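This report walks through one protein chain, a part at a time. Keep the sequence and the structure in view while reading.

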Amino acid sequence: MITASDFYKVMCAMVPLYFAMFVAYGSVKWWRIFTPEQCSGINRFVAVFAVPVLSFHFIAQNNPYQMDTKFILADTFSKLLVLFCLSIWAIFFHGGLDWLITLFSVATLPNTLVMGIPLLKAMYGDFTQSLMVQVVVLQCIIWYTLLLFLFEYRAATVLIKTQFPGPAAASIAKFELDNDVISLDGRDPLRTESETDGNGRIRVRIRRSTSSAPESALSSSICLTPRASNLSNAEIFSVHTPAPFHDYQQGPKSPNNDIVFCNGDLGFGYRAASPRLSGYASSDAYSLQPTPRASNFNEMDGIASPAGNTPIWIRSPVAGKVIRQTSPVVPGVKMVWECQGGRESTGDNKDVPEKEISFRDNSKIAMPEVADGKEDATVTKQEMPHALVMLRLILTVVGRKLSRNPNTYSSVLGLLWSLISFKWNLGMPSLVKNSIKIISDAGLGMAMFSLGLFMALQPRIIACGKKKATMGMGIRFMFGPIVMSAASIAVGLRGVKLRTAIVQAALPQGIVPFVFAREYGLHPDILSTGVIFGMLVSLPVTLLYYILLGI
């Protein structure tokens, strides 16, 4: 039976965390203490230092030789069960990979590190900290890696379908990635170059669009005047500032003579040495992902030059139009602007009001051209490369992505140190221990503070609509605990550990799945609602589970 003293103990653990979150919310929303740019700097500190050091601190203190096998088995079995059911639904009932990834994230990946450790420690005792750390280790090393694999697989299929539609993709025998291609998430515009051997096998090279730009593209004779711009939001726990995905496509009946720019970005084009033409956006010229603020550039008119490879700068049109302009430099080349409106305009387009440019204001949606207003009625079945070819590509980009994530290093190093220290009874030197402790002590508070900043920067708490929000909350706080309870009972978990497993499954949405969803452009509104609204709902929900399970 839960007593008043037990309830007060839980509140003493949770109220300070929510206090930090609401102070941050008020600092931005009501008191205007922090600007969006300053919030982005705070979030980067949390992403690069606070959370990784906090994770290392907990993992290094946990004894890996005394892990609870049944608890870990129950957690693993519940996630595999959800993944299996969603896979059956996606394959046989046409649910789709997109919803499989999103629903798996919502149902199985809670905020265990920030919320789970202090909450369950207050509810059921100190032994739960070791259980939560074990779950955190598995999440960081296995489940987040699996989630990243699914996101990269989805991004790779989108890229292949865009660049190699129909049966051509089945002939791809090898993918090569330039060293500066870290991920297929679309943070940087990508282009592909293909070669076909005598046997009809295709070798594809994937590179960033700017990696092959001529030196004149960044010529200092073209002056770019940056001016400040407000950000619509700031990333939380994200190491890179994600830039949207650009799809540069050529018209089906106009090969090699159209250059496509997305969403009214200031852009330029040039005639490349290769038979394919590439489009560039203003953000490409200044591709500094960690920059915590967006910048706009003054509009620029066309620059005439007799050189055939000189960049052609043209004025950004008003949003909602697609404008074709004949190049004043390269005969036969058209400049094409694409926007969300789906309309198209051709000609000189004089006196068009310019649109402000932001590094984050680009379209991720490919908009293929339609010749003469008629769609191609022929539908060709899309084929994909061999499974091993795809696997090598995905493993390469996943490895590059993980190698640049501080949480990967903190989890692996913490696990290695715990294996060494508990094996040979070694203690961490006081100099190192105290240095880590001073940052890890601020980790929980700064993580919650960062969540509060994120909440304040959003235009709406429920970003995905009431119907999807209700579905997400039901999956997070009802379906997840039900699956966990079934898996725990199936493996023989009983007593306090069973109650711990159920409450842990009812924690709010994890941060990392939202960061992935935002970077890859897959239902970020649903995950954002799960993070924000879930934080507000989770306290009464977990207290309700605590009371009901204690009866």
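## Helix H14

In H14, the buried residues are Ile511, Pro513, Phe514, Val515, Phe516, Ala517, Glu519 and Tyr520. The model is a predicted one. Helix H14 covers residues 511–520, and 8 of its 10 residues are buried, so H14 is largely enclosed by the rest of the structure.

Which elements cover the buried residues of H14? They include helix H4 (97–108), H6, helix H8 (387–403), H11 and helix H15 (524–549).

## After H14

Gly521 follows H14 and has a positive phi, near 65°. His523 sits in the loop between H14 and H15. His523 is not a glycine, yet its phi is positive, about 50°. Is His523 buried or exposed? Its relative accessible area is 17%, and the limit for buried is under 20%, so His523 counts as buried.

## Another positive phi

Asn425 also has a positive phi, of about 55°, although it is not a glycine. The residue is found in the loop between H9 and helix H10 (430–440). With a relative accessible area of 72%, Asn425 is exposed.

Asn407 belongs to helix H9, which spans residues 406–424. At 18% relative accessibility, Asn407 counts as buried, because buried means under 20%. Not counting residues up to four places away in sequence, Asn407 touches Val51 and Pro52.

## The chain as a whole

The chain has 15 helices and 11 strands. Of its 551 residues, 53% count as buried. The accessible surface of the chain is about 25,200 Å², and carbon and sulfur atoms account for 62% of that area.

How many of the contacts join residues that are at least 24 apart in sequence? Among contacts between residues at least 6 apart in sequence, the share is 78%.

## The nonpolar core

The largest nonpolar core holds 118 residues, and those that touch the most other members are Met123, Leu184, Ile206 and Met448. Helix H6 (residues 127–163) gives the largest share of this core, 17 residues.

Ile206 can be followed through its contacts. Leaving aside neighbours within four places in sequence, Ile206 is in contact with Leu159, Phe175, Glu176, Leu177, Asp178, Val181, Leu184, Leu190, Arg191, Thr192 and Leu393. One of these, Leu184, is also among the four core residues that touch the most other members.

## A pair of strands

Strand S2 (residues 190–196) and strand S3 (residues 202–208) run antiparallel and are joined by 7 bridges. Which residue of S3 is the bridge partner of Leu190? The partner is Arg208.

The hairpin of S2 and S3 has 5 residues between the strands. In this hairpin, Gly200 takes a positive phi near 85°.

## Helix H11

Helix H11 runs over residues 443–457 and has 15 residues. At 1.5 Å a residue, H11 should span 21 Å. The expected span is 1.5 Å times one less than the number of residues. The end C-alpha atoms of H11 are 21 Å apart, which agrees with the expected value.

Of the 15 residues of H11, 13 are buried, so this helix is largely enclosed by the rest of the structure. H11 is also one of the elements that cover the buried residues of H14.

## Ile502 in helix H13

Ile502 is part of helix H13 (residues 495–505). Its relative accessible area is 9%, so Ile502 is buried. Which residues are in contact with Ile502, leaving aside its neighbours within four places in sequence? They are Pro481, Met484, Ser485, Tyr545 and Leu549.

Ile502 and Val483 are 19 residues apart along the chain, and their C-alpha atoms are separated by 8.9 Å.

## Cysteines

How many disulfides does a search of the whole structure find? The search finds 0. A disulfide here needs a pair of cysteine sulfur atoms within 2.5 Å.

Cys85 and Cys464 can be described by their exposure. Cys85 has a relative accessible area of 45%, so it is partly exposed. Cys464 has a relative accessible area of 12% and is buried.

Methods: Residues are numbered from 1 along each chain as its sequence is written. This is a predicted model: local features need pLDDT of at least 70, side-chain atom pairs count only at pLDDT 80 or more; totals for chains, interfaces and linings use all residues. Side-chain values use heavy atoms; hydrogens and water are left out. Buried means under 20% relative accessible area, exposed over 50%, partly exposed in between (1.4 Å probe, protein chains only). A nonpolar core is a set of buried Ala, Val, Leu, Ile, Met, Phe, Trp, Tyr and Cys residues joined through side-chain atoms within 4.5 Å. Helices (H or I, at least four residues) and strands (E, at least two) are DSSP runs, numbered from the N terminus. Contact means heavy atoms within 4.5 Å. Two strands pair if DSSP finds at least two bridges between them. Accessible areas come from the Shrake-Rupley method with a 1.4 Å probe; for residues, only the protein chains shown count as cover.
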